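Reader: Could you take me on a close look at one loop of this model, and then follow the thread outward from there? I would enjoy one connected account.

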Amino acid sequence: MIQVFNVVKMYDGSNPVLDNISLEIPKGEFVFLTGPSGAGKTTILKILFGWESFEKGQVLVQGINVGKLTHRNVYTLRRSMGVVFQDYKLLPNKTVFENVSFAQEVIGHDRKTIRFKTWEALKNVGLTPKKDAYPAYLSGGEQQRIAIARAMVNSPAIILADEPTGNLDPDIAIEILKLFEELNQKGSTIIFATHSQEIMKAGNHRVISLNRGKVVAS
Amino acid sequence: MQTLISGFRTTLSNILSNKQTLISGFRITLSNILSNKQTFMLCVATITMAISIFGLFLLLFFNLNGLLSSWNRDVQLIVYLDDDISASQKENLEDVFSNNQQVESTTEVSRETAWAEFQSNVSDNLKPLLSLEFNPLPASYKIRFRSSDNRLSHIREFSKILETQQGVESIEYGEEWISRFEKFIVFSKIFLFAIGGLLSLGLILIISNTIRLSIYSRQDEIELMLLIGATPRFVKIPFLLEGMIQGLAGSVLALFLIGGVHYYLKSEFQSSIDAMGMDFQFIAEPFLFGLIGLSVLVGLMASYISTFQFLYLLNKK
C-alpha cells in the first residue's frame, strides 16, 4: 500500500530532514509514527500526500508514484486519502455540517449524496446534535472529531493523522485514538504521528520511530 | 506574464467547457459569500465608493461638456444693416451667406423685432427712459457657424468680406471673447480627460487591491481545498465568480447612488440652470454599461491574479 524507498529531503541544502528513509506499510495496518520534535514525522506525512517534494528516492502510494505527480494531477492522490491535523484546520465561517460536506463538494458529489454521507460521518463521531454549530463554539475534542469526520467522509483507503491528539487532554486523546481504531477496523490504513508514549501504550500497534530523519526502529 | 495570460485563457476555456463544475462553483461561491458576509460586504462597499467617485466625475464631465457645447452653438456673428439698404443689396448679402459652406444658419432680425427684444430685456425701472418717438436700432442678420477647428479664423475672414459689402453698417462677433472661450474649451477637455484617466487608474487599483486582500485573508481555505483533493480549477472558480459578483454588485450600487444624486440635483436646481440653456443629463448608456463591465472585468482579473499567485507559491514548495 505505502512504500518509501531511500527518500532524502532537504530544506535549503542544509542537513537533511529525511535521510535515506525506507519503510513499508501494508494495506489495512495501523502504524504509529513517532520520534522527537524535528525527527521528520510531519515531513514524511506531507510527502505521502504530495504536499512536499523530495530530492531523492521513490514513494509509492497505492501504486501511484508520488514523485511523478504534478500540481495538476496530485489531487487524484489526495482524494484517496483523509488527513487530520493537530490544529484541526476547520473553516471558522462554516458550520460543522458544512465543514464535513465541504470535503465532498470539492470532489463533485451530488447534493443528496453529500447530505447522506455527511450525516453518516457525523453519526460515526457522535456529533450530529452539533451539526449547526460553528467550530469556535466546540471544545478541542469535538473539533478534532469533526476533522476526523471530514477525513473519513469519502471512505478513503488511507488516513494520515499528524499529531491529532497534540492539543487535547489525555482522556479526550484516548477517545480520539479509539475513533481511529474503529476506522482501521473498517479497513482504512492509518498512519498516526505522535510523540505521546501514553497514546502508543494505549494503542498497542506497530511503531515506526524516527530520529534526525532516519528510521531507528520499526 | 505570458504564463499568467496563457493560464487565464486555459482556465476560462476549461471552466466554460465543464458546466457541472461551473454550476457547482456557483453553489460554492454563494455558500462562501454567506459564510464570509462581512468581508464580502466590505469589498462591495469599497468598490461602490470607488465607482461612485468616478461616476460623479463622469456626471460632471458629461454635463460640463454639454454646457460648453451649448455655449459653443450660441457663438454667432451679427451683421448690422444700413437703414436705407436696398432689396437688391439685401439679396446680394443673402447670397454671400448661402455661398459660405461654414454657415450653419442665418436669422434676419427686423428693426421692429430688435426694438421689441431690447425693450423686453430692459429692467422695468429703466423703461420710462426708453419712451422714444423713433426706433434707434438697425436691422441685422444673426449668423451661426458650423463647429470646426479653425472656426475663429474663418469668422474673422468672413467678417472682413462682409465689411466690404454694400448695405452693411457694422459687424460684431466678440473676437476676444470667442478666442478665450475656445482656449477654455480645449483646456477643459484636456483637464477633464487627465482627471478621468487618473481616476480610472485609481479605480482599477482600489478594486483589484480590495479583492486581493479578501482572497489573501482566505488563504487557509484555499490551502484546505487543495489538501482535501480539489483540482486547481475547482479552487479558482469560486474566487473568480466571487470577484465578478463583487465588481457587479459594487458598480450597480454605485450607479443607484449616482442616480439618486442626479435626481436630487435635477429636481432642486434644473429650474436655475434652465437660463443657461442646460439640461442636467445622466451618464450616457454606453458609459453606464462600460462602467459595470470594467468593474466586473477588474474583479475577475484581480481574483485570478491573486489565486494564481497563491497557487504558484504553494506549488513552488
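Author: Happily! Let us begin with A:Gln62, which sits in the loop of chain A that runs between strand 4 (56-61) and strand 5 (64-65). Please keep in mind throughout that this is a predicted model. The backbone is what draws the eye here: A:Gln62 has a phi near 50°, a positive value in a residue that is not glycine. Most residues other than glycine have a negative phi. As for its surroundings, A:Gln62 has a relative accessible area of 33%, so it counts as partly exposed.

Chain A offers another case of this kind. A:Lys89, again not a glycine, has a positive phi near 55°. Its place is the loop between strand 6 (81-84) and helix 3 (96-105) of chain A. With 26% relative accessibility, A:Lys89 is partly exposed. A glycine can be added to the list: A:Gly50, which follows helix 1 of chain A, has a positive phi near 75°.

That brings us to helix 1 itself. Spanning residues 41-48 of chain A, it is mostly covered, with 6 of its 8 residues buried. Those buried residues are A:Lys41, A:Thr43, A:Ile44, A:Leu45, A:Ile47 and A:Leu48.

A lysine in that list may catch your attention, and A:Lys41 does have a partner: it forms a salt bridge with A:Glu163, the closest N and O atoms being 3.8 Å apart. A:Glu163 lies in the loop between strand 7 (158-162) and helix 6 (170-185) of chain A, while A:Lys41 belongs to helix 1, so the pair ties together parts that are 122 residues apart in sequence. A:Glu163 has a relative accessible area of 9% and is therefore buried. A:Lys41, at 6% relative accessibility, is buried as well.

The stretch after helix 1 has a salt bridge too. A:Glu52 pairs with A:Lys9, and their closest N and O atoms are 3.4 Å apart. Here A:Glu52 is in the loop between helix 1 and strand 4 of chain A, whereas A:Lys9 is in strand 1 (residues 2-10), so that distant parts of the chain, 43 residues apart, are linked. Both A:Glu52 and A:Lys9 are buried.

Over all chains, the count comes to 12 salt bridges, and chain B supplies a further example. B:Glu108 forms a salt bridge with B:Lys90, with 2.6 Å between the closest N and O atoms. B:Glu108 is in strand 2 (residues 103-109) of chain B and B:Lys90 in helix 4 (residues 87-99), 18 residues apart. In this pair B:Glu108 is partly exposed, at 42% relative accessibility, and B:Lys90 is partly exposed too, with a relative accessible area of 25%. Elsewhere in chain B, salt bridges with shared partners join B:Arg218, B:Glu221 and B:Glu242 into one network.

Since we have arrived in chain B, a few words on its build. It has 10 helices and 4 strands, and 42% of its 317 residues count as buried. Helix 8 (residues 219-227) and helix 9 (residues 232-273) of chain B pack at an angle of about 150°, their axes 9 Å apart. The two are therefore roughly antiparallel to each other, and helix 8 passes helix 9 in a right-handed crossing.

One last stop is on the surface. B:Phe184, B:Phe187 and B:Phe191 form a nonpolar patch there, with about 330 Å² of accessible area together. Among them, B:Phe184 lies in helix 7 (residues 175-216) of chain B and is partly exposed, at 41% relative accessibility.

How values were computed: Residues are numbered from 1 along each chain as its sequence is written. Chains are lettered from A and ligands numbered from 1 in the order in which they are written. This is a predicted model: local features need pLDDT of at least 70, side-chain atom pairs count only at pLDDT 80 or more; totals for chains, interfaces and linings use all residues. Side-chain values use heavy atoms; hydrogens and water are left out. Patches are made of residues with over 30% relative accessible area and no salt bridge: like charges are joined within 9 Å, nonpolar side chains (Val, Leu, Ile, Met, Phe, Trp, Tyr) within 5 Å. Accessible areas come from the Shrake-Rupley method with a 1.4 Å probe; for residues, only the protein chains shown count as cover. A salt bridge is a side-chain nitrogen of Lys or Arg within 4 Å of a carboxyl oxygen of Asp or Glu. Buried means under 20% relative accessible area, exposed over 50%, partly exposed in between (1.4 Å probe, protein chains only). Axes are lines fitted to C-alpha atoms, for helices over the stretch in contact, and angles run from 0 to 180 degrees between N-to-C directions. Angles under 35 degrees count as roughly parallel, over 145 as roughly antiparallel, 65 to 115 as roughly perpendicular and the rest as oblique. A crossing is left-handed if the near helix is turned anticlockwise from the far one by less than a right angle, and right-handed if clockwise.
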